[in-house]
Amino acid sequence: MIIEDSELADWKKAGIISAAALQHGVKLIKKGALLLEVCEAVDAKITKLGAKPAWPSQISLDHVAAHYCPGFEDKTILDAQVCKLDVGASVNGCIGDNAATVDLSGSNSNLVEASEKALAAAIKAVKSGVTLGELGHAIQEEIASYGFSPVRNLSGHGLGRFEIHTRPTVPNFDNGDKTQLQENEVIAIEPFATVGKGIIYESMPAEVFMQASDKQARDPAIRKVLDKIRGYEMLPFAKRWLLKEFPAIKIALALKLLEQQGIIQSFPPLVEEAHGLVSQAEKTVLVKKNGCEVLTNAEY
Ligand code: CO
């Protein structure tokens, strides 16, 4: 999305806060740590720094590429795993989106480096007029040079106010897309590298949801839950966030019905098809005439 000059300060603030929260989370990712506690600490950090979580922080392990969000009873303890932390902060709807991989296995530093170097190569190539295919090419080439595959059905994306995914789609391989980036567009670039096939599928169960339509719920009994969901301003939320106000059984029923009625959508965990390990790196950048400005650099 091309942003307005008047929004620029909010985009920059969101970028800095999401980067600071990501850094904070990376330090907390250690063997023996409770995954749920790390996610909650990252969300709390975002709030403390003056933003809102643009979505619940997520830690996806090993062959889970993205969108693993702990439920309130999640007992996952971090161990010798490849841990991907994805963090977003919102300032008046302007979003900083970034992710990093921590290798607790101690034997996959190459895989982590592959996605980081692919991200760096893509960022170096960003300027107004560069094509999406060229960015995908830069990513693919870097990941292939390490002997790994990019995940082809996960992509970077444009960001807009209160919009976590807009055009353009930034591919992780050269898909031949001739669409050119434009000055003042905000995009998130997020290469995923894997030892597997490079394809992900949607798993179960989803813990992250987002309002998708303004429609009213048909059943009066779940309207209170929908009212609460509307407060998340069309940004994703965790099922467990609703527990402060509603019993678990009511939430489960409401989410099921609201999804059936097309009022909310879910974001289930995304799993690599061959169960190959996956790494990810992501930053948000502002496209400039002759380059770009990384908005999610932590200079806090
Ligand atoms: Co993203």
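Lysine 52 has serine 90 of strand 4 as its bridge partner in this predicted model. The two strands concerned, strand 1 and strand 4, run antiparallel and are joined by 2 bridges. Strand 2 also pairs with strand 4 in the antiparallel sense, here over 4 bridges, and within that pairing glutamine 58 is matched with aspartate 86 of strand 4. A further antiparallel pairing, over 10 bridges, links strand 4 to strand 5 (residues 94-103). In this case lysine 84 has threonine 101 of strand 5 as its bridge partner. Strand 4 and strand 5 form a hairpin with 2 residues between them, and asparagine 92, which lies in the turn, has a positive phi of about 50°.

The surroundings of strand 4 may be considered next. Val82, Lys84, Asp86, Gly88 and Ser90 point one way from the strand, while Cys83, Leu85, Val87, Ala89 and Val91 point the other way, and all are buried. Because 10 of the 10 residues of strand 4 are buried, the strand is largely enclosed by the rest of the structure.

Strand 4 is also part of what covers the buried residues of helix 2, together with elements including helix 1 (8-28), strand 1 (52-53) and strand 2 (58-61). The buried residues of helix 2 are Leu35, Leu36, Val38, Cys39, Val42, Asp43 and Ile46. Helix 2 (residues 35-48) has 14 residues, which at 1.5 Å a residue should span 20 Å; the C-alpha atoms at its ends are 20 Å apart, so the expected and modelled values agree. After helix 2 comes glycine 50, with a positive phi near 100°.

The metal site draws on residues from several parts of the chain. Which residues coordinate the cobalt ion? The donors are Asp97 (OD), His157 (NE2), Glu190 (OE) and Glu282 (OE), at 2.1 to 2.5 Å. Their spacing along the chain is D-x59-H-x32-E-x91-E. Glutamate 190 lies in the loop between strand 9 (186-189) and strand 10, and glutamate 282 in the loop between strand 16 (278-280) and strand 17 (283-287), so this pair ties together parts that are 92 residues apart in sequence. Both glutamates are shielded: glutamate 190 is buried, with a relative accessible area of 7%, and glutamate 282 counts as buried at 1% relative accessibility. The angles among the 4 donor atoms are 79 to 163°, and the site is irregular. For comparison, the ideal angle for four tetrahedral donors at a metal is 109.5 degrees.

Strand 10 (residues 192-194) contains threonine 194. This threonine counts as buried because its relative accessibility is 0%. The side chain of threonine 194 reaches the backbone nitrogen of glycine 196 at 2.9 Å. Beyond its neighbours within four places in sequence, threonine 194 is in contact with Leu111, Phe148, Ser149, Val151, Glu272, Gly276, Leu277 and Val278.

Isoleucine 164, in strand 8 (residues 163-170), is likewise buried, with a relative accessible area of 10%. Leaving aside neighbours within four places in sequence, the contacts of isoleucine 164 include the cobalt donor His157. Others among them are Trp55, Ile95, Met210, Leu235, Pro236 and Phe267. Isoleucine 164 and asparagine 175, by contrast, are 11 residues apart in sequence and 22 Å apart in space, C-alpha to C-alpha.

Technical notes: Residues are numbered from 1 along each chain as its sequence is written. This is a predicted model: local features need pLDDT of at least 70, side-chain atom pairs count only at pLDDT 80 or more; totals for chains, interfaces and linings use all residues. Side-chain values use heavy atoms; hydrogens and water are left out. Buried means under 20% relative accessible area, exposed over 50%, partly exposed in between (1.4 Å probe, protein chains only). A polar contact is a pair of N or O atoms within 3.5 Å; within protein, one must be able to donate a hydrogen and the other to accept it, and residues adjacent in sequence count only if both atoms are side-chain atoms. Contact means heavy atoms within 4.5 Å. Donors are N, O and S atoms within 2.8 Å of the metal (3.2 Å for Na, K and Ca); water is not among the atoms, so sites may look incomplete. Four donors count as tetrahedral if all angles lie between 85 and 135 degrees; four count as square planar and six as octahedral if opposite donors are over 155 degrees apart and all others between 65 and 115; anything else is irregular. The expected span of a helix is 1.5 Å times one less than its number of residues. Two strands pair if DSSP finds at least two bridges between them.
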